[in-house]
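Good morning, and thank you for joining. Please have the sequence and the structure open in front of you while I speak.

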2 protein chains.
Amino acid sequence: MSEKIGILAIGHGSRLPYNNQVVTEIANMISDNHPEYIVKAGFMENSEPTVEEALMSFEGTGVTKVAAVPVFLASGIHITKDIPAILKLDPETNEGEVQLNGKNVKIVYGKPLGSDKLIAELIFKRAQEVI
Amino acid sequence: MSEKIGILAIGHGSRLPYNNQVVTEIANMISDNHPEYIVKAGFMENSEPTVEEALMSFEGTGVTKVAAVPVFLASGIHITKDIPAILKLDPETNEGEVQLNGKNVKIVYGKPLGSDKLIAELIFKRAQEVI
């Protein structure tokens, strides 16, 4: 059986619209650039869809594995505790399962952005814009 | 007088070391790639140096303007309220001043990362790493 991969882009969420907009736009960019993947966005708090709702929205897409990736700059409590708790990941393996269309689908958990030269250049560009 | 620009990379801060590490590494990358700029990192909460300490550390560097840029993914309350309050920015102009070596040095305020195709590709890479 060939794998069909879902990517769940997880945002922090916010009462303001910005986080939701940015994470949704990033999910759409991934989907546009990689149409062979099913990409969804979900939010930890204060925004919708929730992580659980986004996870369940893979129903009917035929995904055989879901990569949940936090759209966060750096690790922290949300990454190490809160999101794994929502996804019910095994603390040993950082993996979990979700039932979609009556089948168990594996969830794997990616790292946040981290330090990367692309981000350094984007911050430099943001400085240039206001100097 | 020619301008000498300081870049203040502002991180959220965290009780865990990750945010501090990522923001400091990003500041170092900007400094390495653009040695004509003076780059400092400072943190809104829970990490040191604080934003105020980082701002004062431009003393003696000869900077004539400081671009304060939040190393945050998206806007939100921290970006629109908390950091401007720490930097004492004028709410009308989003600009401020700091006294360094007895001179008033202008502070300008950059946007956070936002949605960008580079970030979309980095999130996709993070998914690929765990699939």
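I begin with one residue: Ala9(B) is buried, with a relative accessible area of 0%. I should say at once that this is a predicted model. Ala9(B) sits in strand β1 of chain B. Leaving aside residues up to four places away in sequence, Ala9(B) touches Val23(B), Ala27(B), Lys40(B), Ala41(B), Gly42(B), Val69(B) and Val71(B). As for Asn28(B), 19 residues from Ala9(B) along the chain, the two C-alpha atoms are separated by 10.0 Å.

Let me turn to the sheet in chain B. In what order do its strands lie? The five strands form an open sheet, in the order β2-β1-β3-β5-β4, with mixed pairing. At the edges stand β2 (38-43) and β4 (96-100) of chain B; each has a single partner strand, so one side of each lacks a neighbour in the sheet. From one strand to the next, the twist averages 30°.

Within this sheet, β1 (residues 5-11) and β3 (residues 65-70) of chain B run parallel and are joined by six bridges. Ile10(B) stands opposite Pro70(B) in β3(B). By contrast, β4(B) and β5(B) run antiparallel, with five bridges between them. Here Val98(B) stands opposite Val105(B) in β5(B). The hairpin of β4(B) and β5(B) has two residues between the strands, and Asn101(B) takes a positive phi near 50° there.

The edge strand β4(B) also shows alternating side chains: Gly96(B), Val98(B) and Leu100(B) point to one face and are buried, whereas Glu97(B) and Gln99(B) point to the other and are not.

Two helices lie across this sheet. Helix α1 (residues 18-33) of chain B crosses β1 and β2 of chain B, running at about 170° to β2(B). Helix α3 (residues 77-87) of chain B lies across β1, β3 and β5 (103-109) of chain B, at about 175° to β5(B).

I now move to chain A and its own helix α1. At 1.5 Å a residue, the 16 residues of α1 (residues 18-33) of chain A should span 22 Å, and the end C-alpha atoms are indeed 22 Å apart. Which residues of α1(A) are buried? They are Asn19(A), Val22(A), Val23(A), Ile26(A), Ala27(A) and Ile30(A). Seen down the axis of α1(A), these buried residues fall within an arc of 130°, so they line one face of the helix. An α-helix has 3.6 residues a turn, so residues three or four places apart point the same way. The cover over the buried residues of α1(A) includes β1 (5-11) and β2 (38-43) of chain A, together with α4 (117-130) of chain B.

Next, strand β3 (residues 65-70) of chain A. Six of its six residues are buried, so β3(A) is largely enclosed by the rest of the structure. Both of its faces are covered, with Lys65(A), Ala67(A) and Val69(A) buried on one side and Val66(A), Ala68(A) and Pro70(A) on the other. β3(A) runs parallel to β1(A), to which six bridges join it, and pairs in the parallel sense with β5 (residues 103-109) of chain A over four bridges. Val66(A) is the bridge partner of Gly6(A), and Ile107(A) in β5(A) is the bridge partner of Val66(A).

Finally, how are the two chains related? A turn of 180° and a shift of 0.0 Å along the axis lay chain B on chain A with an RMSD of 0.0 Å. The two copies are thus related as by a two-fold rotation axis. The same surface serves both copies, as 100% of the contact residues of chain B recur in chain A.

Notes: Residues numbered from 1 in each chain as written. Chains lettered and ligands numbered in written order. Predicted model: local features only at pLDDT ≥ 70, side-chain atom pairs only at ≥ 80, totals over all residues. Heavy atoms only, no water. Pairing = 2+ DSSP bridges. Axes fitted to C-alpha atoms, helices over the stretch in contact; angles between N-to-C directions. Contact = heavy atoms within 4.5 Å. Expected span 1.5 Å × (residues − 1). Buried < 20%, exposed > 50% of the residue type's maximum accessible area, 1.4 Å probe, protein only. Arc of directions from axis to C-beta. Least-squares fit on C-alpha atoms with pLDDT ≥ 70 in both.
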